[in-house]
Structures are given as C-alpha cells and as structure tokens.
Amino acid sequence: MNSDIYKNNSEGRGAVNTNKNIILSIINLATKEIAGVASLASNFGSGIRKLFSENYYEGVKVVENPDGVNVDIYFNILSGFSVSDVAHKVQQNVKNAITSMMDVKINKVNVHIMGVENKPQVEANI
C-alpha cells in the first residue's frame, strides 16, 4: 500500500493523486480546533505504530478502502467538558473539513478518548 489515494475524475481528466499526509494534516487541525480537545494522544505505542505504518500519524489513523476512507482519532480531553459532546463535534468537524477540502468519501470517523487532562491553573500574582 502506498501513501497516495487515487480518485478517478468523472469528467474524464484522469486521476487525482492525494498524499495521505495532507489528509492526516487536515484531520489533525480539525481535531485540535474543537474546544475540549487537550491533545492528540501520543505514547510509546503510537511512536512504534508511526514507524511501521504509513497510515498512522500523531494520534490519527487513516485506512483506505475501495468505497472510501475510515478515520480513527486518538486524543485526550480536557476535564470539565462533556465527552459525548466533544466526540461528536470532532467527528463532524473532521468529516466536514475533509469533504469540503478534498474529494474523498469518508465512511467512518471513530474517536477514541485516551485520557483526561486537567486545565492548567493560572496563578495570580497578588
């Protein structure tokens, strides 16, 4: 499997070649712009996956199928936010971002909450 996704153009102009790194970057940005997402999950296991899989990058996994693309996103959530609300917003934002920027059909957007992070406390200098 290579790192490109090919789409045939219905207008007869040939194939459009899209690098998976572009899709991974779009997913990364679309996830991080949702309030309540603390960070994309990265741990020792994700580092190993990144080395041996071209479909995984910093908490994002993309699997290409003949009928579209499946996306898995692994992230940490900030405490005080509703897990279901943040998860749903991430799913919607990722799907909308990819479909509006690229001609790629999204089959699934699976979100995996890996942990909860506390908001950093700001100390007042009095």
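How much area does the chain expose, and what percentage of it do carbon and sulfur atoms supply? We'll get to that in the first exercise. Before you start: this is a predicted model, where local features need pLDDT of at least 70, side-chain atom pairs count only at pLDDT 80 or more, and totals for chains, interfaces and linings use all residues. Residues are numbered from 1 along each chain as its sequence is written, and side-chain values use heavy atoms, with hydrogens and water left out.

**Exercise 1. Describe the chain as a whole: its surface, its elements and the confidence in it.**

Step 1: the surface. The chain exposes about 7900 Å², and carbon and sulfur atoms supply 50% of that. Areas like this come from the Shrake-Rupley method with a 1.4 Å probe; for residues, only the protein chains shown count as cover.

Step 2: the elements. You'll find three helices and seven strands, in the order β-β-α-β-α-β-β-β-α-β from the N terminus on. Helices (H or I, at least four residues) and strands (E, at least two) are DSSP runs, numbered from the N terminus.

Step 3: the confidence. Mean pLDDT (the predictor's confidence in each residue, from 0 to 100) is 79 for the chain, and 68% of the residues reach 70 or more. Among the elements, strand β1 (residues 4-8) has the lowest mean, 50, while α3 has the highest, 95.

**Exercise 2. Check the length of helix α1 and list its buried residues.**

Step 1: the span. The expected span of a helix is 1.5 Å times one less than its number of residues. Helix α1 (residues 20-32) has 13 residues, so at 1.5 Å a residue it should span 18 Å, and its end C-alpha atoms are indeed 18 Å apart.

Step 2: the buried residues. Buried means under 20% relative accessible area, exposed over 50%, and partly exposed in between (1.4 Å probe, protein chains only). In α1 the buried residues are K20, I23, L24, I26, I27, N28, A30 and T31.

Step 3: a hint for reading that list. An α-helix has 3.6 residues a turn, so residues three or four places apart point the same way.

**Exercise 3. Find the largest nonpolar core and see what I27 does there.**

Step 1: the term. A nonpolar core is a set of buried Ala, Val, Leu, Ile, Met, Phe, Trp, Tyr and Cys residues joined through side-chain atoms within 4.5 Å.

Step 2: the members. The largest core has 24 residues, and those with the most contacts inside it are I27, I73, V90, V94 and I98. At least two residues each come from α1, β3 (37-40), β5 (60-65), β6 (68-78), α3 and β7.

Step 3: I27 itself. Beyond residues up to four places away in sequence, I27 is in contact (heavy atoms within 4.5 Å) with V60, V62, V71, I73, V94 and I98.

**Exercise 4. Compare N65 and N70: which elements hold them, and what do they touch?**

Step 1: N65 sits in strand β5 and, at 26% relative accessibility, counts as partly exposed.

Step 2: N70 belongs to strand β6. Its 16% relative accessibility makes N70 buried.

Step 3: the contacts. Skipping sequence neighbours up to four places away, N65 touches N70 and N107. With neighbours within four places set aside, N70 is in contact with K61, V62, V63, N65, N107 and K108.

**Exercise 5. Find the side-chain polar contacts of H112 and S79.**

Step 1: the term. A polar contact is a pair of N or O atoms within 3.5 Å; within protein, one must be able to donate a hydrogen and the other to accept it, and residues adjacent in sequence count only if both atoms are side-chain atoms.

Step 2: H112. This residue lies in strand β7 (residues 106-117) and is partly exposed at 27% relative accessibility. Leaving out neighbours within four places, H112 contacts D72, I73, Y74 and F75. The side chains of H112 and D72 share a polar contact of 2.8 Å.

Step 3: S79. Look in the loop between β6 and α3. S79 and K119 are 40 residues apart in sequence, yet their C-alpha atoms are 6.8 Å apart in space. The side chain of S79 makes a polar contact of 3.4 Å with the side chain of N118.
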